[in-house]
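Here are some notes for a colleague who is opening this structure for the first time. Please keep the sequence and the 3D view at hand while reading the points below.

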Amino acid sequence: KSGFDTLIHFVYCKATEGNTHLDTKWFRNREILNNMGIPNGAYHFFIPTDPPRPQAAHFLNIWKKRDIDLPPVLDVETEGFSDQDLIAKMQIWLTEVENKSGMRPVIYTSLHFYETKFQNAFPDYKFWIAAYSRKPLCIDDERIIHWQYSETGKLPGVNEKVDLNVSKINY
């Protein structure tokens, strides 16, 4: 349809945030994507000042992994008490979710956070980088599998702007 960005190979939807928040559109979005046959997954918006284990338990309780799901994503966009504290809490969440789901999560973050906090951390994890103003020079890094290049995409039937991404993975 003219005026829309409609080449969709995968979609991630917000499921949870912090210890208690449930995205009100999570269950509806998941059902619609499944009915359309679009590979999809869930992400958790991480709150660094909240304990990580209850956040992981909350995500796992809402997400309820299925064999067709894409790997879960930990969305990290806010500062912690320190970089060391943030990384330690992220590692707890990542380990809890992987141990209970059998799937290694992907870390979503900004290019700035990746370059200043995480580039030398989490060597065994894949990253999804948000960078809207420039192509990341580190895109050739084998750990970066998705690049979010816009937050202003348009889709038919969706009134809000959507994020647009490219992936190294062929879904």
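**Notes on the predicted model**

1. In this predicted model, the buried residues of H4 pack against strand E4 (73-76), helix H3 (83-101), strand E5 (106-110), strand E6 (127-130) and strand E7 (144-155). Helix H4 itself covers residues 111-118, and its buried residues are Leu111, Phe113, Tyr114, Lys117 and Phe118.

2. As for its placement, H4 lies across E4, E5, E6 and E7, and the helix runs at about 110 degrees to E5.

3. The strands that H4 crosses, E4, E5, E6 and E7, belong to an open sheet of eight strands with mixed pairing, in which the order is E2-E1-E3-E4-E5-E6-E7-E8. Strand E2 (21-22) and strand E8 (158-167) each have a single partner strand and stand at the edges, so one side of each is left without a neighbour in the sheet.

4. Within this sheet, E3 and E4 run parallel and are joined by three bridges; Phe45, for its part, has Asp75 in E4 as its bridge partner.

5. His44 deserves a separate look: where is His44 found? The residue is part of strand E3 (residues 40-45), and His44 counts as buried because its relative accessibility is 0%.

6. The side chain of His44 makes a polar contact of 2.6 Å with the side chain of Thr16, and another polar contact, of 2.8 Å, joins it to the side chain of Gln55. When neighbours within four places in sequence are left aside, the residues in contact with His44 include Glu17, Gly18, Phe59, Val73, Leu74, Asp75 and Trp93.

Terms used. Residues numbered from 1 in each chain as written. Predicted model: local features only at pLDDT ≥ 70, side-chain atom pairs only at ≥ 80, totals over all residues. Heavy atoms only, no water. Helix = DSSP H or I, 4+ residues; strand = E, 2+ residues; numbered from the N terminus. Buried < 20%, exposed > 50% of the residue type's maximum accessible area, 1.4 Å probe, protein only. Polar contact = N/O pair within 3.5 Å; in protein donor to acceptor, adjacent residues only side chain to side chain. Contact = heavy atoms within 4.5 Å. Pairing = 2+ DSSP bridges. Axes fitted to C-alpha atoms, helices over the stretch in contact; angles between N-to-C directions.
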